[in-house]
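Here is a guided walk through one protein chain, taken a few residues at a time. Keep the viewer open and turn the model as you read.

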Amino acid sequence: MFKLTSLNLNGIRSATTKGAEAWIEATAPDCICVQEIKAQASDMAGRFEVLAGMKGYFHFAEKKGYSGVGVYTRHEPSDVVVGFDIEEFDAEGRYVETRFDTPGRKFSIISAYFPSGSSGELRQEAKFRFLAKMHSHLMHLKTERDFVLCGDINIAHQKEDLKNWRGNQKNSGFLPEERDWMTKLLHKTEISGGLVDVYRQLQPDSTDACYTWWSNRGQAYANNVGWRLDYHLATPAIAALARTESIYKGEKFSDHAPITIGYDMAI
């Protein structure tokens, strides 16, 4: 079983002081995709290049203390792709793809951090630009290789994916346009779509247990007033190999919970 975890760290230094590294070592995933590292290469040197015995590959933001993604893996990639050739967003450190190609198979694990639009109209417009570019990128990639994208998508797709769905229909993360983007990504047509929301494939009816993010305001975490923002999005051949899923809430490393899927495969 190939165990693949995704976790928004909300700062790698902060998360490790809260026990994230010890938890990763104890649960021993084959690979963990992390988002919001909030560090530069100089901050990682001598400390975070390797985590729980896994070597990391990163895309750092140009802005200090902002964004950044990584893939830690026990397996040596055949190639690493940093960014997805969109200058506006590559400057923000939002995409790293580790490729594990063998004769007869092309397969990638991607860690991605989608923008939030909650800070205002300009960032929401940037988020829509990102979604359009990312859709095109993933559809093209799908014609070339199998992959699973792990990350903080910053969208709750359906009303089952957040507690207060009625009150959030005009808020970033649950806007109709964002939800439509997810539907388009997942619904297969002759020319587009066809990716699989792996957690929902395994747990189609999950509601309160599915949340992976809670606001730091009020008692959101204590009352489980959450959102499902963290996903495994896979090509159908990879999604068909998914067997187990878990969202770990026994400890709180950041404002997100780690989500782990077990795939019946080896790389």
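Glu88 comes out at 36% relative accessibility in this predicted model. That makes Glu88 partly exposed, because the value falls between the 20% cut-off for buried and the 50% cut-off for exposed. Its salt-bridge partner is Arg129, with the closest N and O atoms 2.6 Å apart. This pair ties together distant parts of the chain: Glu88 belongs to helix H4 (residues 87–90), Arg129 belongs to helix H5, and 41 residues separate them. Arg129 is partly exposed too, at 39% relative accessible area.

There's plenty more of this kind to look at, as the count of salt bridges comes to 14. Here are three of them, with what can be said about burial.

| Salt bridge | N to O distance | Burial |
|---|---|---|
| Glu88 – Arg129 | 2.6 Å | Glu88 partly exposed (36%), Arg129 partly exposed (39%) |
| Arg94 – Glu92 | 2.6 Å | Arg94 buried (2%), Glu92 buried (12%) |
| Lys127 – Glu178 | 2.9 Å | Lys127 buried, Glu178 buried |

Take the middle row. Arg94 counts as buried because its relative accessibility is 2%, under the 20% cut-off. Glu92 has 12%, so Glu92 is buried as well.

Now the last row. Lys127 and Glu178 form a salt bridge with their closest N and O atoms 2.9 Å apart. Lys127 sits in helix H5 and Glu178 in helix H6, so to speak two distant parts of the chain, 51 residues apart. Elsewhere, salt bridges with shared partners connect Asp161, Asp197, Arg200 and Arg228 into one network.

Next, try Arg145, in the loop between helix H5 (121–144) and strand E9. Is Arg145 buried or exposed? It's buried, at 7% relative accessibility. Its side chain makes a polar contact of 2.9 Å with the side chain of Asp101, and another of 3.1 Å with that of Ser108. Setting aside neighbours within four places in sequence, the contacts of Arg145 include Glu97, Arg99, Lys106, Phe107 and Thr235.

Follow the chain past strand E9 (146–152) and, before helix H6 (176–186), you'll find Gln158 in a loop. Gln158 is partly exposed, with 32% relative accessible area. Which residues does Gln158 contact, leaving aside its neighbours within four places in sequence? They are Phe174 and Arg179. Gln158 and Arg179 are 21 residues apart in sequence, and their C-alpha atoms are 7.2 Å apart in space. The side chain of Gln158 also has a polar contact of 3.4 Å with the side chain of His157.

Time for a sheet. Seven strands make up an open sheet with mixed pairing, running E3-E4-E5-E2-E1-E15-E14. Strand E3 (50–51) and strand E14 (242–247) are at the edges; each has a single partner strand, so one side of each has no neighbour in the sheet. Strands of a sheet pair through backbone hydrogen bonds, in either a parallel or an antiparallel sense. Strand E1 (residues 2–8) and strand E2 (residues 31–35) are a parallel pair with five bridges. Within that pairing, Leu4 stands opposite Cys31 in E2.

Finally, zoom out. An unreviewed UniProt entry annotates residues 6–256 as "domain: Endonuclease/exonuclease/phosphatase". That span is 26% helix and 24% strand, and its end C-alpha atoms lie 10 Å apart.

Conventions
Residues numbered from 1 in each chain as written. Predicted model: local features only at pLDDT ≥ 70, side-chain atom pairs only at ≥ 80, totals over all residues. Heavy atoms only, no water. Helix = DSSP H or I, 4+ residues; strand = E, 2+ residues; numbered from the N terminus. Buried < 20%, exposed > 50% of the residue type's maximum accessible area, 1.4 Å probe, protein only. Contact = heavy atoms within 4.5 Å. Polar contact = N/O pair within 3.5 Å; in protein donor to acceptor, adjacent residues only side chain to side chain. UniProt positions renumbered as here; feature names shortened; annotations may be inferred. Pairing = 2+ DSSP bridges. Salt bridge = Lys/Arg side-chain N within 4 Å of Asp/Glu carboxyl O.
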